[in-house]
Amino acid sequence: DGDRDGLEYVEKESEEDSAVEVWNIMTMFQNSFAQNAKVKRRKTENFTNASMKLSAKKVEEIAQRQGQERKKLHEQYRSQVDTVLNQWEGEITKAKDMEEKLASTFRSQQKFYTQLRVNQSKLLKDLQNIYQQFSGTLENLEKLHLEQQGDLQGELRREVSLLQKKYLMDSHNS
């Protein structure tokens, strides 16, 4: 029985030692696992932080580039629109100038034609007056000529009559 008790004690000790050893190994594994998990967590955090910083930097760079591209595009189109608007305003100014010139030319032509009509009316009245003077003068001249012809015929008759008398007297006397 003594051996058996000794053996049991040794087995018990051995079991206890084994349990302690297993406990120590487990604790070591647990510590090692915790240490590995801690290292992995730090690496993951560092990777995540670095990745976030890199992503944030890339996002910022992309946003800046896109903003610059939009700004450049807006400036190009604004420049083109400004150019077209300036041309349009120039055309409007030209059209207004041309309109004013045409209106001025039209007014000048109106004045010219009005003056021409006034002058033509005056010339027509002058012609009418000249015609009336001519008609009156011609009528008076025809009356005068008729009178002169009548006077001449009367004088010729007298002279013929005197001549006839003279011939008669001469023929009587001879």
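**A single-helix chain and its side-chain contacts**

Y131 is found in helix α1. In this predicted model, the secondary structure of the protein chain amounts to one helix and zero strands, and helix α1 covers residues 2-173. The description below therefore proceeds from the overall dimensions of the chain, where a compact globule of 174 residues would have a radius of gyration near 16 Å under the globule rule, to the contacts along the helix.

The radius of gyration computed for the protein chain is 72 Å, whereas a compact globule of 174 residues would be expected to have one near 16 Å. Along the principal axes, the C-alpha atoms occupy a box of roughly 245 × 20 × 20 Å. Buried residues account for 0% of the 174 residues in the protein chain. The exposed area of the chain is about 16900 Å², of which carbon and sulfur atoms contribute 56%.

Part of the nonpolar surface is gathered into a patch of about 490 Å², made by Y131, F134, L138, L141 and L144. Within this patch, Y131 has a relative accessible area of 55%; Y131 is classed as exposed because this value lies over the 50% cut-off.

Charged side chains also pair along the chain. Side chains of opposite charge can pair when their charged atoms come close. Four salt bridges were counted in the model, among them the contacts R65 with E69, K122 with D126 and K143 with E139.

In the salt bridge between the side chains of R65 and E69, the N to O distance is 4.0 Å. Both residues belong to helix α1, where they are four residues apart, about one turn of the helix. R65 is partly exposed, at a relative accessible area of 45%, and E69 is likewise partly exposed, at 47%.

The salt bridge of K122 with D126 has its closest N and O atoms 3.2 Å apart. Because K122 and D126 are four residues apart in helix α1, about one helical turn separates them. The two partners fall into separate accessibility classes: K122, with 52% relative accessibility, counts as exposed, while D126, with 28%, counts as partly exposed. The assignment of K122 follows from the cut-off, since exposed residues are those over 50%.

For K143 and E139, the closest N and O atoms of the salt bridge lie 3.8 Å apart. These two residues are also four residues apart in helix α1, so they are separated by about one helical turn. K143 has a relative accessible area of 45% and is partly exposed; for E139 the value is 45%, and this residue too is partly exposed.

Aromatic contacts were examined as well, and one aromatic pair was found. The pair consists of F112 and Y113, whose ring centres are 5.2 Å apart and whose planes meet at 70°, so the arrangement is edge-to-face. This assignment holds because planes over 60 degrees apart count as edge-to-face. Y113 is partly exposed, with a relative accessible area of 44%.

Conventions: Residues are numbered from 1 along each chain as its sequence is written. This is a predicted model: local features need pLDDT of at least 70, side-chain atom pairs count only at pLDDT 80 or more; totals for chains, interfaces and linings use all residues. Side-chain values use heavy atoms; hydrogens and water are left out. Buried means under 20% relative accessible area, exposed over 50%, partly exposed in between (1.4 Å probe, protein chains only). Rings of Phe, Tyr and Trp (its six-membered ring) pair if their centres lie within 6.5 Å; planes under 30 degrees apart count as stacked, over 60 as edge-to-face and the rest as tilted. Patches are made of residues with over 30% relative accessible area and no salt bridge: like charges are joined within 9 Å, nonpolar side chains (Val, Leu, Ile, Met, Phe, Trp, Tyr) within 5 Å. Accessible areas come from the Shrake-Rupley method with a 1.4 Å probe; for residues, only the protein chains shown count as cover. The radius of gyration is taken over C-alpha atoms; the globule rule is 2.2 Å times the number of residues to the power 0.38.
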